[in-house]
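Hi,

Here is the structure I said I would pass on. Have a look at it first, and then read on for what I found.

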Amino acid sequence: MSLDELINSVADAGLLPFFLFNALISCIPIPGPGTAVCIACGLLYGKFYGTIVYVASAAFGAGLQHVLGRTVLRPFILKMLSKERANKVTSLDKALTKEGPLLVVLLRLSPVMPFALTTLLLSLTSVGYVSHVLATIIGLTPPTFVYCFAAELGNKAASGEVGGTADAVMYGVGLLATAGVTWKVMAIANKTLNAAVDQDEKKAA
C-alpha cells in the first residue's frame with residue numbers, strides 16, 4: 001500500500017483516526033510523510049479547517065514526543081547523539097534560555113531539519129511543555145496554510161469549481177502572495193535562528 005493510499009484509507013475512517021494518524025506521522029523523524037498529510041488536509045478540509053486539523057494534530061504529536069523524549073526515550077537519544085550534535089543541543093539550550101519560546105517558533109518556521117528530529121532535540125533542552133506546544137502551533141501555521149491553500153486551489157481547479165479566468169487569477173495571486181510572505185518569514189527565521197545558536201557556540205568556545 002502506497003502512502004497516498006494509506007492516507008486516503010485513514011481519512012475515510014473519519015476525522016479522529018486521521019488526527020491520530022498525523023500525530024503519529026509527526027513523531028517519525030524522516031521528511032516526506034508530514035508534507036503528504038498536510039496536502040491531504042487541504043484537499044479534504046480546505047485551507048482554513050485543513051490548517052487547523054494539521055497543526056492541531058502535529059502539535060499533539062509533538063507534545064507526546066516531548067514527554068517521551070524527557071522520559072523513556074531520553075537515554076536512547078543521548079546515546080545516538082554524536083559529540084558535535086550534543087554540543088549543538090547545549091548551544092540550543094543556552095539560546096533557548098536567552099530567547100525563550102520565540103526560538104522554538106523560529107525552529108518550527110525554519111526547515112533546517114525534520115519536524116520529529118527538532119522535537120526530539122527540544123525535549124533534551126529546558127524548554128517547557130506548554131511553551132513547546134504553543135510555539136509549535138504558531139510556527140507551523142504559516143507554512144501549513146500555504147500547503148493547504150495550494151491543495152484546495154488545485155482541487156477546485158481539477159473539479160471545475162474555479163469559475164473562469166478572474167477567479168483563477170484571484171486565487172493564484174492570493175496563493176503567490178501568501179507563499180511569498182511565508183517564504184520571507186521562514187528565511188528571516190532561519191537567519192535569526194542560525195545567528196542565535198552560532199553566537200552561543202562562539203561564547204562557549
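What is the mean pLDDT of the protein, and what share of its residues reach 70 or more? This is a predicted model, and its mean pLDDT is 75, with 64% of the residues at 70 or more. The confidence varies along the chain: helix α2 (residues 15-25) has the highest mean, 92, while helix α9 (residues 165-204) has the lowest, 55. Where pLDDT is low, the predicted coordinates should not be read in detail. Please keep that in mind when you get to α9, with its mean of 55.

On to the overall picture. The protein has nine helices and zero strands, so from the N terminus the elements simply read α-α-α-α-α-α-α-α-α. Of the 205 residues, 41% are buried. Taking contacts between residues at least 6 apart in sequence, 77% join residues at least 24 apart. The accessible surface is about 11,000 Å², and carbon and sulfur atoms account for 68% of that.

Now for the details, beginning with α2. Its buried residues are Phe-18, Phe-21, Asn-22, Ala-23 and Ile-25, and the buried residues of this helix pack against α1 (3-12) and α3.

Helix α8 (residues 129-158) kept me busy for a while, and Gly-139 is one of its residues. Gly-139 counts as buried because its relative accessibility is 0%. Its C-alpha atom lies 6.7 Å from that of Leu-106, although the two residues are 33 apart along the chain. Setting aside neighbours within four places in sequence, Gly-139 is in contact with Val-105, Arg-108 and Leu-109.

Thr-136 is also in helix α8. With a relative accessible area of 0%, Thr-136 is therefore buried too. Which side chain does the side chain of Thr-136 make a polar contact with? The partner is the side chain of Arg-108, at 3.1 Å. Beyond residues up to four places away in sequence, Thr-136 touches Ala-59, Ala-62, Arg-108 and Phe-115. Arg-108 thus turns up in the contacts of Gly-139 as well as in those of Thr-136.

How many salt bridges are there? The count comes to one. Lys-47 pairs with Glu-152, and their closest N and O atoms are 2.9 Å apart. This pair links distant parts of the chain, with Lys-47 in helix α3, Glu-152 in helix α8, and the two positions 105 residues apart. Are the partners buried or exposed? Lys-47 has a relative accessible area of 15%, so it is buried by the under 20% cut-off. Glu-152 counts as buried as well because its relative accessibility is 14%.

Last, something on the outside. Leu-64, Leu-68, Val-72, Leu-73 and Phe-76 form a nonpolar patch on the surface, and together they have about 440 Å² of accessible area. One member, Leu-68, sits in helix α3 (residues 33-70). At 33% relative accessibility, Leu-68 counts as partly exposed, which is also why it can belong to a patch, where residues need over 30%.

If you open only a few views, I would pick the Lys-47 and Glu-152 salt bridge, the polar contact between Thr-136 and Arg-108, and the patch that includes Leu-68.

Cheers

Notes: Residues numbered from 1 in each chain as written. Predicted model: local features only at pLDDT ≥ 70, side-chain atom pairs only at ≥ 80, totals over all residues. Heavy atoms only, no water. Patch = residues over 30% accessible without salt bridge, like charges linked within 9 Å, V, L, I, M, F, W, Y side chains within 5 Å. Areas by Shrake-Rupley, 256 points an atom, 1.4 Å probe, with all protein chains shown as cover. Salt bridge = Lys/Arg side-chain N within 4 Å of Asp/Glu carboxyl O. Helix = DSSP H or I, 4+ residues; strand = E, 2+ residues; numbered from the N terminus. Buried < 20%, exposed > 50% of the residue type's maximum accessible area, 1.4 Å probe, protein only. Contact = heavy atoms within 4.5 Å. pLDDT = per-residue confidence, 0-100. Polar contact = N/O pair within 3.5 Å; in protein donor to acceptor, adjacent residues only side chain to side chain.
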